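Here are my notes for you on this model, set out as numbered points. Keep the structure open beside them as you read.

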Amino acid sequence: MLPTTASKGRGASRSAPPLFGPYLRRIVKWQQMDIEYTFWQMVHLCTSPKVVYQHTKYHKQTKNQWARDDPAFVVILILFLVFATSAYCAAYGESASHAALTITSVVFLHFLFAGIVLATLCWFLTNSYLREEPNSHVVEQRVECAHEILGRLYAFDVHCNSFFPAFVILYVVQYFLSPLLVAHGFFPALLSNLLFVVAISYYHYLNFLGYDVLPFLDRTTFFLYPIGLVIILSPLMILIGFNPTRYFLSLYFG
């Protein structure tokens, strides 16, 4: 239910069906969630992300909404975050209270809050600068905004899709490589920076795919620009010996 069709004289919220209430109610009803399809999406986001957004087009055609009406993806991703963060706490943490605080911070601050902020920023940019100007024969469409709550979920969906491969790289792969990555020296810093470059670049690439699929947006290559910045900065970080894995683990675990 992301992009909502509405005439210029009407607000998008009046034309959109109320999705947020049913979305929340389904969170506590596992039998109503499509777990199998969610895992299919997660696998293909890492291997063939264009296929996922092709299915997003089908979802729009069949249900007349871009955003998911199934919270299974968010619920499973949060569970993955809890398990992965718990593993870090078991390896590097000092106490159960510190572990609880770390898990809460990762889920609610780094994933949910940061996701809402990023989705809102993308919504603002798309509506303000990337949306094709409608003429008298074209219906005006606007991207749904994560902070508009009622049915405005697509921007947050895009963030979740983009976040999952980054989660695999920076929470799972990095965890198993962390004994090597936290060591001093050039090679650990090089490998750590490469992991972060791949994760951040892939996040922005999926962000681009999420908005490029919308037929009423133009110049969506804007979402690829941060990749260039990351590629430019990463050699500098390597040359000065900055190790992002050591830095972030030190923030949480000292």
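**Notes on the model**

1. Let's start with what the record says. The unreviewed UniProt entry carries the annotation "transmembrane region" for residues 72-92, 99-126, 153-173, 180-203 and 223-242. Keep in mind that the model you are looking at is predicted.

2. Two of those stretches are worth tracing by eye. Residues 99-126 are 100% helix and 0% strand, with 38 Å between the C-alpha atoms at the two ends. For residues 153-173, the chain is 95% helix and 0% strand, and the C-alpha atoms at its ends lie 29 Å apart.

3. Now zoom out. You should find ten helices and two strands in the protein. If you walk along the sequence, their order reads β-α-α-α-α-α-α-β-α-α-α-α. The protein has 254 residues, and 47% of them count as buried. Take the contacts in the protein with a separation of 6 or more: 76% of them come from residues 24 or more positions apart.

4. Next, some helix packing. Two packed helices are described by the angle between their axes and the distance between the axes. Try helix 3 (residues 35-47) with helix 4 (residues 49-63): they pack at an angle of about 135°, and their axes are 6 Å apart. Helix 3 and helix 4 are therefore oblique to each other. On the helix 3 side, look for Tyr37, Trp40, Gln41, His44, Leu45 and Thr47, which meet Pro49, Val51, Val52 and His55 of helix 4. Sorted by class, this contact between helix 3 and helix 4 has six nonpolar residues, four polar ones and no charged ones.

5. How do helix 8 and helix 9 pack? Helix 9 covers residues 225-239, and its angle with helix 8 is about 175°, with the axes 10 Å apart. An angle over 145 degrees counts as roughly antiparallel, so that is how helix 8 runs relative to helix 9. From helix 8, Phe186, Leu190, Asn193, Val197, Ile200, Ser201, His204 and Tyr205 take part, meeting Pro226, Ile227, Val230, Ser234, Met237 and Ile238 in helix 9. The tally by class for helix 8 with helix 9 is ten nonpolar, four polar and no charged residues.

6. Stay there for a moment and pick out Ser201, which sits in helix 8 (residues 186-212). Is Ser201 buried or exposed? Its relative accessible area is 14%, so Ser201 is buried, given that the cut-off is under 20%. Setting aside neighbours within four places in sequence, Ser201 is in contact with Ile227 and Val230. Both of these are among the helix 9 residues that meet helix 8.

7. Finally, the aromatic rings. Searching the whole structure turns up 23 aromatic pairs. One to look at is Phe111 with Phe156: the ring centres are 6.2 Å apart and the planes are at 50°, so the pair is tilted. This pair links distant parts of the chain, with Phe111 in helix 6 (residues 96-130), Phe156 in helix 7 (residues 154-181) and their positions 45 residues apart. Phe111 is buried, at a relative accessible area of 0%, and Phe156 also counts as buried, at 10%.

8. One last thing to colour in: ring pairs join Phe39, Phe73, Phe80, Phe164, Phe167 and Tyr171 into a cluster.

Note on methods:
Residues are numbered from 1 along each chain as its sequence is written. This is a predicted model: local features need pLDDT of at least 70, side-chain atom pairs count only at pLDDT 80 or more; totals for chains, interfaces and linings use all residues. Side-chain values use heavy atoms; hydrogens and water are left out. Rings of Phe, Tyr and Trp (its six-membered ring) pair if their centres lie within 6.5 Å; planes under 30 degrees apart count as stacked, over 60 as edge-to-face and the rest as tilted. Helices (H or I, at least four residues) and strands (E, at least two) are DSSP runs, numbered from the N terminus. Buried means under 20% relative accessible area, exposed over 50%, partly exposed in between (1.4 Å probe, protein chains only). UniProt positions are given in the numbering used here, feature names are shortened, and annotations may be inferred rather than shown by experiment. Axes are lines fitted to C-alpha atoms, for helices over the stretch in contact, and angles run from 0 to 180 degrees between N-to-C directions. Angles under 35 degrees count as roughly parallel, over 145 as roughly antiparallel, 65 to 115 as roughly perpendicular and the rest as oblique. Contact means heavy atoms within 4.5 Å. Ala, Val, Leu, Ile, Met, Phe, Trp, Tyr, Cys and Pro count as nonpolar, Asp, Glu, Lys and Arg as charged, and the others, Gly among them, as polar.
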